[in-house]
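This report describes the architecture and the internal spaces of one protein chain. Please keep the sequence and the structure in view while reading.

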Amino acid sequence: HNYNMTLLPHPSIIPYTIVHSTDIALLLAFGFVYELAIRLYRHNNESRTSRERKVNIHLATLRYEAAKKRALGPSAFVETSKLERAVLATEKELEKLKSGREARIARTSKLIKKCNLATNIIVMLMYYGVAMLAIDGSRIIDENIASNDEIISDVERASSFWKGLFFPLTYHGMGYKISQYGIESGMRASCVGALAVFWAARTTSGEMFECAIKWLSR
């Protein structure tokens, strides 16, 4: 059994037979840093540039000035015409800047998808066939099963305990199955792979970042 040096509760509480606490902590930290880096990169590339913000403010000012001159009537025809031409030129410049930002957003999205795929493959290869945590079904005592004198395998006991531990969360999606690729088939129903830990770290940290942004923007 691999549970002597661990940050998890004592095996009498959670009867695990395998736990790689150092690797779990490393994957959680890596997931947090990776998600932060991705969000910062996306923000820097998808936000409006300082030039676009300045042009947008300048356009609003020109439109205001043009409206004021237009209200003066024919006496301000020359000034109005100049301002309207300036508005059109500034609108064209702003459209170019917006088009550039949209193209930048598309490139950023493609690059992030490639980075995510490459990172997932690297994590999967590094921990191929290794369960980060697995439940030991032989040490699970179910009074209901015992009273019915049913013969339940250790795998079924471990799987039942694992489901109860995560209830009401669901974890049997395609991504979860992919994260367990290479792990011994008898352990898959009651263990978690490295990719699942990495994804959990990214999802959790992502929600934390969203909450922090909402709080700061109040």
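In this predicted model, H1 and helix H7 (194-216) each supply at least two residues to the lining of the second largest pocket. The greatest share comes from H1, which gives 5 residues. The pocket has a volume of about 240 Å³. Its lining consists of Leu36, Arg39, Leu40, Arg42, His43, Phe209, Glu210 and Ile213. Sorted by class, these are 4 nonpolar, 1 polar and 3 charged residues.

**The chain as a whole**

The protein chain contains 7 helices and 3 strands. Read from the N terminus, its elements follow the order β-α-α-α-β-α-α-α-β-α. The chain has 218 residues, of which 31% count as buried. Among contacts with a separation of 6 or more, 72% join residues 24 or more positions apart.

**Two helices compared with their expected spans**

The two helices that line the second largest pocket can each be checked for length. The table sets out the values.

| Helix | Number of residues | Expected span | Distance between end C-alpha atoms |
|---|---|---|---|
| H1 (residues 21-46) | 26 residues | 38 Å | 37 Å |
| H7 (194-216) | 23 residues | 33 Å | 33 Å |

The expected span of H1 rests on 1.5 Å a residue, and the distance between its end C-alpha atoms agrees with it. For H7, the calculation at 1.5 Å a residue likewise agrees with the distance in the model.

Which residues of these helices are buried? In H1 they are Ser21, Ile24, Leu27, Gly31, Tyr34, Glu35, Ile38 and Asn45. In H7 they are Ala194, Leu195, Ala196, Val197, Phe198, Ala201, Arg202, Ser205, Gly206 and Phe209. Phe209 is thus listed among the buried residues of H7 and also in the lining of the second largest pocket.

**The enclosed space**

Rolling a probe the size of a water molecule over the atoms reveals where empty space remains. The structure holds 1 cavity of 30 Å³ or more. The largest cavity contains about 50 Å³ of space. Around it lie Met124, Tyr127, Tyr128, Gly129, Val130, Ser179, Tyr181, Ile183, Gly193, Ala194 and Leu195. This lining comprises 8 nonpolar and 3 polar residues, and no charged ones. Two of the lining residues, Ala194 and Leu195, are also found among the buried residues of H7.

Ala194 appears in a further relation, this time with Met126. The two residues are 68 residues apart in sequence, yet their C-alpha atoms are 8.9 Å apart in space. Met126 lies in helix H3.

**Two residues of helix H3**

Is Met126 buried or exposed? Met126 is exposed, because its relative accessible area is 59%, above the cut-off of 50%.

Thr90 is also found in helix H3, which covers residues 77-126. With a relative accessible area of 7%, Thr90 is buried, since the value is under 20%. Its side chain reaches the backbone oxygen of Ala86 at 2.7 Å. Which residues does Thr90 contact when its neighbours within four places in sequence are left aside? They are Val55, His58, Leu59 and Leu62.

Conventions: Residues numbered from 1 in each chain as written. Predicted model: local features only at pLDDT ≥ 70, side-chain atom pairs only at ≥ 80, totals over all residues. Heavy atoms only, no water. Helix = DSSP H or I, 4+ residues; strand = E, 2+ residues; numbered from the N terminus. Buried < 20%, exposed > 50% of the residue type's maximum accessible area, 1.4 Å probe, protein only. Polar contact = N/O pair within 3.5 Å; in protein donor to acceptor, adjacent residues only side chain to side chain. Contact = heavy atoms within 4.5 Å. 1 Å grid on protein atoms, 1.4 Å probe; cavity = no way out; pocket = protein on both sides within 12 Å on 5 of 7 lines; lining within 4 Å. Points joined across faces, edges and corners; volume = space filled by probe spheres on them. Nonpolar A, V, L, I, M, F, W, Y, C, P; charged D, E, K, R; others polar. Expected span 1.5 Å × (residues − 1).
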